[in-house]
Each structure stands twice: as structure tokens, then as C-alpha cells.
Amino acid sequence: MKHKDGKYHAQPDKSFKVVPATLLVLVLCGFSFYLGGIFCSEKNRLEGKIVQDVSKTVSSPKEPAVSPLQIKSVAFPECTADYQDYTPCTDPRRWRKYGTHRLTFLERHCPPMSERKQCLVPPPDGYKPPIRWPKSRDECWYRNVPYNWINKQKSNQNWLRKQGEKFMFPGGGTMFPRGVGAYVDLMQDLIPGIKDGTVRTAIDTGCGVASWGGDLLDRGVLTVSLAPRDNHEAQVQFALERGIPAILGVISTQRLPFPSNSFDMAHCSRCLIPWTEFGGIYLLEVHRILRPGGFWVLSGPPVNYKNRWRGWNTTVEEQKSDYDKLQDLLTSMCFKMYAKKDDIAVWQKSSDNSCYNKIAGDVYPPKCDDSLEPDSAWYTPLRPCVVVPKPELKKSALGSLPKWPERLQVAPQRISNIPGGSASALKHDDSKWKVRAKHYKKLLPALGTDEIRNVMDMNTVYGGFAAALIDDPLWVMNVVSSYATNTLPVIYDRGLIGAYHDWCEAFSTYPRTYDLLHLDSLFTAESHRCDMKYMLLEMDRILRPKGYALIRESSYFVDAIASIAKGLRWNCRKEDTEYGVTKEKRETAPLHLQIAHVFDLKPFTSIFKTWKHLFSTLNTGVRMLVSSEIGVGSLANFFKSEHSC
């Protein structure tokens with residue numbers, strides 16, 4: 001995959017190349033979030049773990065021992081109150097440094113190392129544990145997302161309204177005054193595939209408070225709600241507070257962090273994106289991420305302009321011109337009108353590549369050449385050209401894929417593009433994660449209940465963890481490293497959702513938006529690039545108070561993680577993996593590394609040497625066991641013992 005530096009990087013997938021005889025140690029973290037007195041009232045009724053024996057390492061008599069990574073614990077201060085909604089890479093404080101052309105300032109612009117915050121993002125005054133799903137879809141605590149501007153501006157459109165201590169979500173919107181249910185009913189009549197499982201994944205550009213995506217969940221459609229951090233104040237934060245999948249983003253000058261030919265449906269309800277401007281470059285990006293046979297749904301200007309133009313501060317002639325331009329542009333990209341009624345128009349992307357053969361010569365937009373990988377989507381500039389689907393991937397077209405839920409279990413055609421990828425590899429991966437998920441639920445009884453709704457798998461392969469939890473009342477954001485093997489197309493082909501990301505940077509979300517973070521050898525995979533201190537600080541930022549981090553790592557990193565967790569005011573305990581100690585020593589285990597917040601670290605070159613030494617030593621077959629539990633920090637008693645980490 002091509003990355004921000006313009007070079008291509010490949011990393012063997014963690015399911016295919018492994019280092020033998022390494023013990024993985026499971027670390028389960030209960031997230032205390034330095035709340036101080038906020039949850040002190042619960043102190044007497046919640047049990048905590050007391051600090052117990054520190055782990056011991058055990059090695060074979062014939063093999064050299066590797067000392068676990070040791071990091072000095074440092075207590076992080078709390079950030080000031082004005083950082084309670086801090087989004088490092090989309091920070092309004094830094095907007096002035098970037099241009100306004102095409103809203104470039106709303107894109108990701110991460111701070112340099114010298115400006116990175118080393119403090120704990122505080123919750124707002126009066127913060128309460130979020131209302132649980134499914135009740136959260138209709139209401140949330142006002143103090144958790146205390147934004148009055150959006151309430152005043154959009155209450156007349158029934159986006160939301162403040163009622164006492166809560167925000168209520170009536171399910172209205174600019175283009176669905178009768179409610180989102182009636183709006184989606186009409187859409188479902190126009191696209192029957194929504195009913196029968198043909199349409200499974202969707203993206204909502206300019207999502208508002210994500211009522212459209214929330215309604216589709218009951219219809220078996222999993223939607224990524226997309227919106228920038230702009231004057232509408234925390235659209236994405238509202239979505240995630242409600243328990244609806246969402247991510248910060250804007251179609252501007254860079255590709256969205258999704259692979260090509262992935263979403264079954266894309267939607268824009270008066271999202272105010274100028275689709276026909278700049279050579280139609282925004283619509284070309286929708287074309288790239290929409291799979292062949294997928295649907296693009298538009299409501300609002302210029303659809304139904306004959307009846308609506310008076311309310312759009314324009315003329316009927318201008319709206320007719322805009323509609324004709326849009327239709328011509330869509331036709332040039334091999335879209336065709338699929339259905340239209342009232343305020344909704346639906347176009348379908350061609351699943352027949354013969355249409356693209358007509359794009360030749362001076363025709364605009366031209367075909368993209370082979371100089372840019374279609375799935376390259378991490379700081380990749382938008383280009384004014386059509387990404388033509390590869391003809392050999394016909395089985396990835398909508399209508400060719402199995403319907404949901406069968407789609408989840410069938411190996412997609414694109415798995416053959418992955419080194420070592422096959423139907424048997426997918427089956428093995430799914431079986432492994434079913435066993436692991438069952439074990440996790442024993443360690444964390446909240447998993448599978450309404451206590452955990454928003455989940456992130458921070459370094460997935462095929463989405464096996466998400467697949468194993470598919471019947472639980474939660475959703476999973478599957479993250480694939482921009483430096484790892486590109487498996488995200490397979491995840492979308494299975495009917496799951498996810499995004500590319502580089503964990504050396506902050507994720508595109510607000511603070512306090514996830515209940516559970518899951519890591520499988522992430523530090524092993526990324527420690528040679530990323531600073532563990534900042535990675536763990538980022539985990540701290542996006543976890544909700546009393547949330548959980550389930551960390552599966554080599555014993556080399558476990559003590560360092562526990563030390564950092566102490567500085568974050570987390571409560572942690574170590575557990576054996578599902579195989580137990582004896583069998584685990586006989587198993588091969590993938591090594592991946594990610595470093596987050598570390599204190600008193602050696603210079604990067606020294607860290608890299610340590611990492612290389614680890615690999616060379618582990619290849620000799622060293623075995624390391626960690627079995628003792630750890631309760632870290634004075635806030636341990638804020639958590640039930642089985643939830644502590």
C-alpha cells in the first residue's frame with residue numbers, strides 16, 4: 001500500500017508469518033479515566049483488585065531468557081478543561097494554518113511531535129455514563145455532549161431537541177420532516193435490496209446526527225456516518241454517543257480512508273457537497289469507494305427541483321442546469337438512473353466493465369492510470385479520474401456477493417490478493433476468534449451485554465473478532481494499519497466496516513467514544529515506528545470513562561504496558577490466553593508491536609535495536625510466562641474485580 005511518504009510499504013500479515021514459541025499474555029484494562037471524585041460515590045459498592053505479584057518470566061533451561069521491556073511509570077497530568085473535546089488531527093485551534101480552498105483546513109492535520117499533548121483529556125462537568133443501547137439511539141445526556149448551537153439551529157428540523165437533562169432524537173432531518181423511518185421506507189421501496197440482505201454496508205456523507213444510519217441498523221444495514229468537525233458542532237460525537245458507527249472525515253483534497261469498491265450504498269441528504277464542482281472530483285471519490293452495482297442516493301438540491309426550488313434561494317433554471325450537469329457527470333462515470341420518487345433519486349454504479357471501455361481520448365473524466373493503487377487511501381490526494389474496477393473481480397459486485405448474513409461466512413474473491421489468503425485461512429481465522437471471544441467473555445462479563453456498545457479492533461486482519469461478536473448488541477470498527485497487508489477490502493466484502501489508520505497518529509474520532517478497544521500484538525507490530533506513550537494516550541482519549549482495553553501481547557511488552565497504564569490511572573490485570581500456559585508455549589504466535597505512551601524511553605534508534613534483538617532472540621525459541629494478576633493504581637477499587645485489568 002502507498003502511504004503518506006509516497007512510497008509503498010508491505011508488511012507480512014500477522015496471520016501468515018509468525019515467530020515460534022512466544023507466549024501471548026492477555027491484558028484486560030478497566031479504564032478509570034482519572035475521574036477523581038466523579039465516580040467516588042460508587043467507591044464503596046464496587047470491588048477492586050489489590051496490587052499483587054509482579055509477573056515472572058520462565059525460560060527453557062537450554063534457551064536464553066529475554067528480559068521484559070521495563071518502562072518507568074510517570075503520572076500524566078490532566079489537560080485543561082478547554083481540551084475536553086480535543087481531536088488532535090482535526091483541531092480548530094490549528095485551522096488558521098491551512099487554506100480554506102475546498103475546505104482543506106477540515107482535513108487531517110496532525111500536530112508535530114513538539115506540539116503533542118501529554119495529558120489526559122478530561123470529561124465535561126457533569127459527565128455521566130452513556131445511556132445504554134438501544135435506548136441511546138433516541139436520547140443521550142446533555143452534559144456528555146453540551147452543544148447548544150446545533151440544538152438551536154436544527155431543532156426546527158427535528159434533528160434533536162433538549163429536554164431537561166437530555167437531548168432527544170426524534171428522527172427528523174432536513175429532507176425527512178415526517179421522520180427518518182418514513183424516509184427510509186420510501187428508499188427501501190426504491191431499492192428492494194435493502195430488504196433482502198443484498199445491501200449490507202453504507203456510508204452517509206454529511207450525516208447530521210446519524211439518524212439515517214441509526215434507522216438502517218434495524219434493517220440489517222451497517223452504516224459509516226461521516227462528517228467533519230465544523231460549525232455543526234460534534235455531529236460525529238452525537239452519533240457515537242447514540243451508539244451509531246461514525247468517523248470524522250470530509251471529502252476535500254484527499255481520499256477517504258476506505259478501500260475501493262467497498263460500500264454497497266452511499267447517501268447524501270442535503271449534505272451541501274458541491275458534487276459538480278472541481279470537475280466532479282468529490283463524486284469521483286464516491287465512485288471509487290462504491291462497489292460495482294452499488295447505489296448512490298441523493299435527496300435535496302437539485303433533486304425534485306421543479307417543486308422545491310422556491311425554498312432553495314435560487315431559480316428553477318439554475319436548479320435545472322445543476323441537475324442536468326449532475327446527470328451528465330454521473331453518466332460519464334458509468335452510473336445510471338435506477339429509481340426516482342419525490343425528493344429521492346437513486347443511481348446505480350455499473351457492474352459491467354464494457355461501459356468503461358467507452359472512456360477514451362479526450363473524454364472527461366478520463367480513466368485513472370496504473371500509477372496509483374485504487375486502495376491507496378491514507379493521505380492519498382484525490383485525482384480527477386475514474387477508478388475502473390478490475391474485471392477479474394466480478395464476484396465482488398453487488399448482486400454477485402452472497403446476501404447477508406451468509407456473506408459473513410463466505411470467503412470473498414479479493415482474499416486471493418492477500419499473501420497467504422484463502423478460504424481455508426479465513427475459516428481457520430474465524431474458528432480461532434470464536435474460541436477467543438468465548439474466552440474474553442469469561443474474563444470480561446460485560447462483553448456481549450448492553451454495557452459495551454462501541455467497539456474498536458485496533459489491528460484486525462479479516463475482521464474475525466467482529467465476526468465472532470456479530471450476534472451481540474454491539475458494532476465493531478475494524479482498523480487496518482496503513483503499513484500492514486491490505487485486508488480491509490475483504491472485511492467490507494464480508495459485510496463488516498472499518499478504516500485505514502496509522503497508530504503513530506490520533507484516530508479520527510472525538511474523546512470518550514468507544515467502550516472497548518481490542519489489540520492483538522499491536523505493540524509488537526508497530527513499536528519500531530510508533531511511540532508507545534502517545535499510542536496509549538490516544539487510547540485513553542477515545543475510551544469512555546469506565547471503558548475497557550483488551551490487550552493481547554507478547555510478555556515482552558506486558559510489564560511496560562502495565563507501567564504506562566498506572567500513569568494513565570487505569571486498573572489492570574494479567575490473564576492467560578484461552579489456551580492456558582502449557583498449550584500456549586507450543587503454539588506459534590504472531591508478533592506485532594505498537595507503542596503508545598512510554599516514559600523515559602531510549603532514543604528511537606535504541607528502541608529499534610531492542611526490537612530487533614527481541615526478534616533474533618525469540619527466534620531461538622524463548623518462552624515467557626506471565627500469570628500473576630496486577631491491580632494498578634489507587635482507583636482499582638472503582639471496578640469490579642472481574643472487570644479490572
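This is a short dialogue on reading several features of a predicted model.

Colleague: Let's begin with the sheet. How many strands form it, and in what order do they lie?

Modeller: Happy to. This is a predicted model, and its open sheet has seven strands, ordered 7-6-5-8-9-11-10, with mixed pairing. Strand 7 (246-248) and strand 10 (335-341) are the edge strands, each pairing on one side only. On average, neighbouring strands of the sheet are turned by 20° against each other, direction ignored.

Colleague: Which way do the side chains of a strand point in general?

Modeller: In a regular strand they alternate between the two faces of the sheet. A good strand to look at here is strand 8 (263-269). Seven of its seven residues are buried, so strand 8 is mostly covered.

Colleague: Which strands pair with strand 8, and in what sense?

Modeller: Strand 5 (residues 201-205) runs parallel to strand 8 and is joined to it by three bridges. Ala-202, for instance, has Met-265 in strand 8 as its bridge partner. Strand 9 (residues 290-299) also pairs with strand 8 in the parallel sense, over six bridges. There, Phe-263 stands opposite Leu-290 of strand 9. To get from strand 8 to strand 9, the chain passes through helix 6, and this β-α-β crossover is right-handed.

Colleague: What does helix 6 lie across?

Modeller: Helix 6 lies across strand 5, strand 8, strand 9, strand 10 and strand 11, and it runs at about 135° to strand 9. Helix 8 (residues 316-332) packs on the sheet too, touching strand 9, strand 10 and strand 11. The direction of helix 8 makes about 135° with that of strand 10.

Colleague: Now the nonpolar core. Which residues touch the most other members of the largest one?

Modeller: The largest nonpolar core has 132 residues, and Phe-258, Trp-275, Trp-296 and Met-456 touch the most other members. Helix 14 (residues 532-542) gives the most to this core, with seven residues. There is also a second, separate core of 22 residues, which includes Val-184, Leu-186, Met-187 and Phe-295.

Colleague: What does Phe-258 touch, leaving out residues up to four places away in sequence?

Modeller: Its contacts include Ile-203, Val-224, Ile-247, Phe-263, Ile-289, Ala-377 and Tyr-492. Arg-288 and Gly-498 are among the residues Phe-258 touches as well.

Colleague: On to helices. Which residues of a helix point the same way, as a general rule?

Modeller: An α-helix has 3.6 residues a turn, so residues three or four places apart point the same way. Now turn to helix 15 (residues 555-567) in this model: twelve of its 13 residues are buried, so helix 15 is largely enclosed by the rest of the structure. Among the buried ones are Tyr-556, Phe-557, Asp-559, Ile-564 and Gly-567.

Colleague: And Ser-211, is that buried or exposed?

Modeller: Ser-211 is in helix 4 (residues 211-217). Its relative accessibility is 6%, under the 20% cut-off, so Ser-211 counts as buried. Beyond residues up to four places away in sequence, Ser-211 touches Gly-171, Gly-172, Val-180 and Arg-242.

Colleague: Let's finish with the backbone. Where are there residues other than glycine with a positive phi?

Modeller: Leu-272 is one, with phi near 65°. Leu-272 is found in the loop between strand 8 and helix 6 (281-289), and its relative accessibility of 68% is why it counts as exposed. Arg-569 is another, with phi near 70°. Arg-569 comes just after helix 15, in the loop between that helix and strand 17 (571-575). At 30% relative accessibility, Arg-569 counts as partly exposed.

Colleague: What about cis peptide bonds: which residues do they link, and where are the prolines?

Modeller: One cis bond runs from Trp-133 to Pro-134, with omega near 5°. Pro-134 is in the loop between strand 1 (24-30) and strand 2 (139-141). The peptide bond from Trp-404 to Pro-405 is cis as well, with omega near 10°. Pro-405 has its place in the loop between strand 11 (344-349) and helix 9 (406-409).

Terms used. Residues are numbered from 1 along each chain as its sequence is written. This is a predicted model: local features need pLDDT of at least 70, side-chain atom pairs count only at pLDDT 80 or more; totals for chains, interfaces and linings use all residues. Side-chain values use heavy atoms; hydrogens and water are left out. A nonpolar core is a set of buried Ala, Val, Leu, Ile, Met, Phe, Trp, Tyr and Cys residues joined through side-chain atoms within 4.5 Å. Buried means under 20% relative accessible area, exposed over 50%, partly exposed in between (1.4 Å probe, protein chains only). Helices (H or I, at least four residues) and strands (E, at least two) are DSSP runs, numbered from the N terminus. Contact means heavy atoms within 4.5 Å. Two strands pair if DSSP finds at least two bridges between them. A crossover is right-handed if, with the strands pointing away from the viewer, the path from the first strand over the helix to the second runs clockwise. Axes are lines fitted to C-alpha atoms, for helices over the stretch in contact, and angles run from 0 to 180 degrees between N-to-C directions.
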